[in-house]
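This briefing goes through one protein chain, from its overall build to its cores, its ring pairs and a few individual residues. Please keep the sequence and the model in view while reading.

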Amino acid sequence: ESGDNSFPERLPIGLKLQSQLRYGENPHQAAALYSIGSGGPGTLVSATQLQGKPLSFNNIADGNAALECVKSLDSCGCVIVKHANPCGVALADDPELAYRKAYACDPTSAFGGIIAFNTPVNGATAAAIIANQFVEVVVAPSFDDSALKAFAAKANVRVLACGTWDKQAAGGRVLQQVEGGMLVQDKDVASVTRAELKVVSKRQPTEREIDDALLAWKVVRFVKSNAIIFCRDGATLG
């Protein structure tokens, strides 16, 4: 059960038109992007586009999924999303290695995907992306000059700097439209700590295995179907 049932009798939603899009999920659908309130750093809506074609409806939807997933990671990480589902998630000491590990999870699905980082992106990381795959959008808190120079070789790639977010402000509520109404619920930000884990098997897990289990717990929240995550050595396997 939720600990907070204080939902208001009326829930006004103030939306401001930010941009009209070329089309929606399909070419025959008109679409637009609206912002809620003043926004803030760490969102796709408030990000600064540094290069590339205009964002599409699907770019924004998938980009949001990638960014929200990578924001949940506690250390340097990379998330690759395709069709709203993560197809590769990894942690590493630097963004280039995190990207390579995430890409290795499912290179086929990564093609034409959205890549998000929770740390600044450097030139080596950008060069690895350009050399490995076709990518629609790359989003990160910031990009250094060498990264922007590398991405400039692929002028259509949408590069978005979203700024640094406040990890303490991860809560709130989410809305989902249904015909004739709106579903509202608390945002899923529940976390599990080492201290809360109870081992029920005879074989005790290693520290690395516990780390991987905790990573899988974070990632599975963002999987839209068949929510099973396999992790090893700080990266998803499938």
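Contact here means that heavy atoms lie within 4.5 Å. On that basis, among contacts in the protein chain between residues at least 6 apart in sequence, 46% join residues at least 24 apart. The model is a predicted one, and its protein chain has six helices and 12 strands. With a radius of gyration of 19 Å, close to the 18 Å that the globule rule gives for 238 residues, the chain is as compact as a globular protein of that length.

**Overall dimensions and surface**

- The C-alpha trace of the protein chain spans about 55 × 55 × 30 Å along its principal axes.
- Of the 238 residues in the protein chain, 36% are buried, while the accessible surface comes to about 14,100 Å², with 53% of that area belonging to carbon and sulfur atoms.

**Nonpolar cores**

- The largest nonpolar core has 30 residues, and within this core V79, V89, V139 and L160 are the residues that touch the most other members.
- Two or more residues of this core are given by each of β2 (31-36), α1 (57-71), β4 (77-82), β6, β7 and α6 (207-220), and the largest share, six residues, comes from α1.
- For V89, once its neighbours within four places in sequence are left aside, the residues in contact are C69, L73, C78, V79, A102, L215, V219, G234, A235 and T236.
- Another core, of 26 residues, lies apart from the largest one, and among its members are Y99, F143, F151 and A235.

**Aromatic pairs and a charge over a ring**

- The structure holds three aromatic pairs, one of them formed by F111 and F134, which is tilted, at 5.3 Å centre to centre and with 45° between the planes.
- This pair links distant parts of the chain, since F111 lies in the loop between α3 (107-110) and β6 (113-117) and F134 lies in the loop between α4 (123-132) and β7 (135-140), 23 residues apart.
- F134 has a relative accessibility of 42% and therefore counts as partly exposed.
- F143 and F151 form an aromatic pair that is edge-to-face, with the centres 6.1 Å apart and 80° between the planes.
- Both rings of that pair belong to buried residues, F143 having a relative accessible area of 10% and F151 a relative accessibility of 0%.
- Separately, R173 lies over the face of F7, at 3.8 Å from the ring centre.

**Helix α4 and residue G113**

- In α4, the residues G123, T125, A126, A128 and I129 are buried, and the buried residues of this helix pack against α2 (95-105), β6, β7 and α5 (145-151).
- G113 is found in strand β6 and, at 1% relative accessibility, counts as buried.
- Not counting residues up to four places away in sequence, G113 touches V81, K82, Q133, F134, V135, E136 and V137, a list that includes F134, the partner of F111 in the tilted pair.
- From C-alpha to C-alpha, G113 and D188 are 24 Å apart in space, with their positions 75 residues apart in sequence.

**Residue S35**

- S35 lies in strand β2, where S35 is buried, with a relative accessible area of 12%.
- Leaving out residues up to four places away in sequence, S35 touches G14, L15, K16, Q18 and V45.

**Positive phi between β4 and β5**

- H83 lies in the loop between β4 and β5 (85-91), and its phi is near 55°, a positive value in a residue other than glycine.
- A84 is found in the loop between β4 and β5, and A84 has a positive phi of about 75° although it is not a glycine.
- Which of the classes, buried, partly exposed or exposed, applies to H83, and which to A84? H83 is exposed, with a relative accessible area of 61%, whereas A84, at 22% relative accessibility, counts as partly exposed, because the buried class is reserved for values under 20% and the exposed class for values over 50%.

Terms used
Residues are numbered from 1 along each chain as its sequence is written. This is a predicted model: local features need pLDDT of at least 70, side-chain atom pairs count only at pLDDT 80 or more; totals for chains, interfaces and linings use all residues. Side-chain values use heavy atoms; hydrogens and water are left out. Rings of Phe, Tyr and Trp (its six-membered ring) pair if their centres lie within 6.5 Å; planes under 30 degrees apart count as stacked, over 60 as edge-to-face and the rest as tilted. Helices (H or I, at least four residues) and strands (E, at least two) are DSSP runs, numbered from the N terminus. Buried means under 20% relative accessible area, exposed over 50%, partly exposed in between (1.4 Å probe, protein chains only). A charge sits over a ring if NZ of Lys or CZ of Arg is within 6 Å of the ring centre and within 35 degrees of the ring normal. A nonpolar core is a set of buried Ala, Val, Leu, Ile, Met, Phe, Trp, Tyr and Cys residues joined through side-chain atoms within 4.5 Å. The radius of gyration is taken over C-alpha atoms; the globule rule is 2.2 Å times the number of residues to the power 0.38. Accessible areas come from the Shrake-Rupley method with a 1.4 Å probe; for residues, only the protein chains shown count as cover.
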